[in-house]
Amino acid sequence: MIVCVAVVGHQNNPLYIQSFTDADDALKLHHIVHCSLDVIDERVNNPKKSGPTLNETFLGLLYPTENYKVYGYLTNTKVKFILVTTDLDVRDADVRNFFRRFHAAYVDAVSNPFHVPGKELHKPENFRIMLSFLHPRLQNAECREVKGKTIKTSVSEEISSIAAV
Amino acid sequence: MGREVSESCVDGLLTEMVSTYCNRFYSTKPELAARRIEAIGYQVGHQLSERYTMDRPRFNDHLEAIKFICKDFWSELFKKQIDNLKTNHRGTFVLQDNRFRWLSRMSIDPSENGELSQDNPEAMAENKAAQTTSMHLYFPCGIIRGALSNLGIPCAVSADMSNLPACY
């Protein structure tokens, strides 16, 4: 199951961070995301180590922790996407696919003419755009009213089903 | 999948935007109008660059990013590639487009401005035409600047136009 996704701007400013767990471990997930920024920096500045993934947007597995695996993605515009998952055997292709769609959702979100570049993407409408690809029903008007935990649980279910594919 | 935009709509929008800023909002301050138009272009370029670089590997250096602007970005915006790219290898790049699409349908009626100056009506009309056209170039300049800034290259972009499209 995906427990957390984050978008971090080119100055390492958080743009969007969303955890999908019911437990109160947001702080822990934020910590994991924060640590992964250093790993991304290291990957990008020492390309020798990463070998074939040179200049690819998908950075692969950043580091495994006891319970989580952390994946990274760096766009051409130096925006970082971070994915924290509890699945221990994840295929790279799936993660790649996830990031590609997440990137598309991010592009749609920042293409909103009312979005100020470099500002956080936490407003409800952005939230909906970002997650609508994970959960198609969020696009519907009837789901706009759904807030908080309902969205969280339904989205996490949806994501876990995507991750399981 | 890319969504397409009617070209005549874009042309119409550009001319309307320029004329609104120049004649209605800031009719006495052309510099301010230019800055505002450029700022709009900046935001557009910022967002477009994010979209058009989606499926590409990251750029190593500035030249790669400039090449991307010349080839892919230009084709997406103007349906053709840049005709000529020059650089002094110190950070200045000159991009030459021999048939800039957004100006290709623009011309100035010389008789309209002929009465303004009795001495040299032709030169006057040409000057006015150049001025008006250069206002239309601030928007694409802003787009390029926005795209490059988003790719991590803070820069200044200016346009220079040798002559307007004309019958030969």
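**View 1. Strands E4(A) and E5(A) of the predicted model run antiparallel and are joined by six bridges.** In this predicted model, Tyr71(A) stands opposite Leu83(A) in E5(A), a pair that can serve as a starting point for following the two strands. The hairpin of E4(A) and E5(A) has five residues between the strands, and within this hairpin Lys78(A) takes a positive phi near 65 degrees. Lys78(A) is a residue other than glycine, and its place is in the loop between E4 and strand E5 (80–85) of chain A. Lys78(A) counts as partly exposed because 16 other C-beta atoms lie within 10 Å, whereas a buried residue would need 20 or more.

**View 2. Strand E3 (residues 58–64) of chain A pairs with E4(A) in the antiparallel sense over five bridges.** Here Gly60(A) stands opposite Gly72(A) in E4(A), and a hairpin of four residues leads from E3(A) to E4(A). E4(A) thus takes part in two pairings, being paired with E3(A) over five bridges and joined to E5(A) by six. Five of the six residues of E4(A) are buried, so this strand is largely enclosed by the rest of the structure. In a regular strand the side chains alternate between the two faces of the sheet. Among the elements of chain A, E4(A), which covers residues 69–74, also has the highest mean pLDDT, at 90.

**View 3. Strands E1 (residues 2–8) and E2 (residues 14–19) of chain A form an antiparallel pair with five bridges.** Across this pair, Ala6(A) stands opposite Ile17(A) in E2(A). The hairpin of E1(A) and E2(A) has five residues between the strands, and Asn12(A) takes a positive phi near 60 degrees in this hairpin. To place these strands in the chain as a whole, it helps to know that chain A has five helices and five strands, and that the pattern read along its sequence is β-β-α-α-β-β-β-α-α-α. Of the 165 residues of chain A, 30% count as buried, and among its contacts between residues at least 6 apart in sequence, 52% join residues at least 24 apart.

**View 4. Helix H5 (residues 149–164) of chain A has the lowest mean pLDDT among the elements of that chain, at 43.** For residues 136–165 of chain A, pLDDT stays under 50, and the model has 30 contacts beyond four places in sequence for this stretch. For chain A as a whole, the mean pLDDT is 73, and 68% of the residues reach 70 or more.

**View 5. Helices H1 (residues 7–25) and H2 (residues 30–52) of chain B can be checked against the length expected of a helix.** At 1.5 Å a residue, the 19 residues of H1(B) should span 27 Å, and the end C-alpha atoms are 26 Å apart, which agrees. The 23 residues of H2(B) should, by the same rule, span 33 Å, and here the end C-alpha atoms are 32 Å apart, which again agrees. The buried residues of H1(B) are Val18(B), Tyr21(B) and Cys22(B). An α-helix has 3.6 residues a turn, so residues three or four places apart point the same way. The buried residues of H2(B) include Ala33(B), Ala34(B), Ile37(B), Glu38(B), Gly41(B) and Tyr42(B).

**View 6. Where chain B meets chain A, 15 residues of chain B are in contact with 14 residues of chain A.** Helix H2 of chain B gives the most to the side of chain B that touches chain A, contributing five residues. Sorted by class, this side of chain B has four nonpolar, seven polar and four charged residues.

**View 7. His89(B) is found in the loop between strand E1 (84–87) and strand E2 (93–96) of chain B.** Although His89(B) is not a glycine, it has a positive phi of about 60 degrees. His89(B) counts as exposed because it has 7 C-beta neighbours inside 10 Å, and a residue is exposed if 12 or fewer lie within that distance. Chain B has five helices and two strands, and along the sequence these follow the pattern α-α-α-β-β-α-α. Of the 168 residues of chain B, 23% count as buried, and 59% of the contacts in chain B between residues at least 6 apart in sequence join residues at least 24 apart.

Key: Residues are numbered from 1 along each chain as its sequence is written. Chains are lettered from A and ligands numbered from 1 in the order in which they are written. This is a predicted model: local features need pLDDT of at least 70, side-chain atom pairs count only at pLDDT 80 or more; totals for chains, interfaces and linings use all residues. Two residues are in contact if their C-beta atoms, placed from the backbone, lie within 7 Å. Ala, Val, Leu, Ile, Met, Phe, Trp, Tyr, Cys and Pro count as nonpolar, Asp, Glu, Lys and Arg as charged, and the others, Gly among them, as polar. Two strands pair if DSSP finds at least two bridges between them. The expected span of a helix is 1.5 Å times one less than its number of residues. pLDDT is the predictor's confidence in each residue, from 0 to 100.
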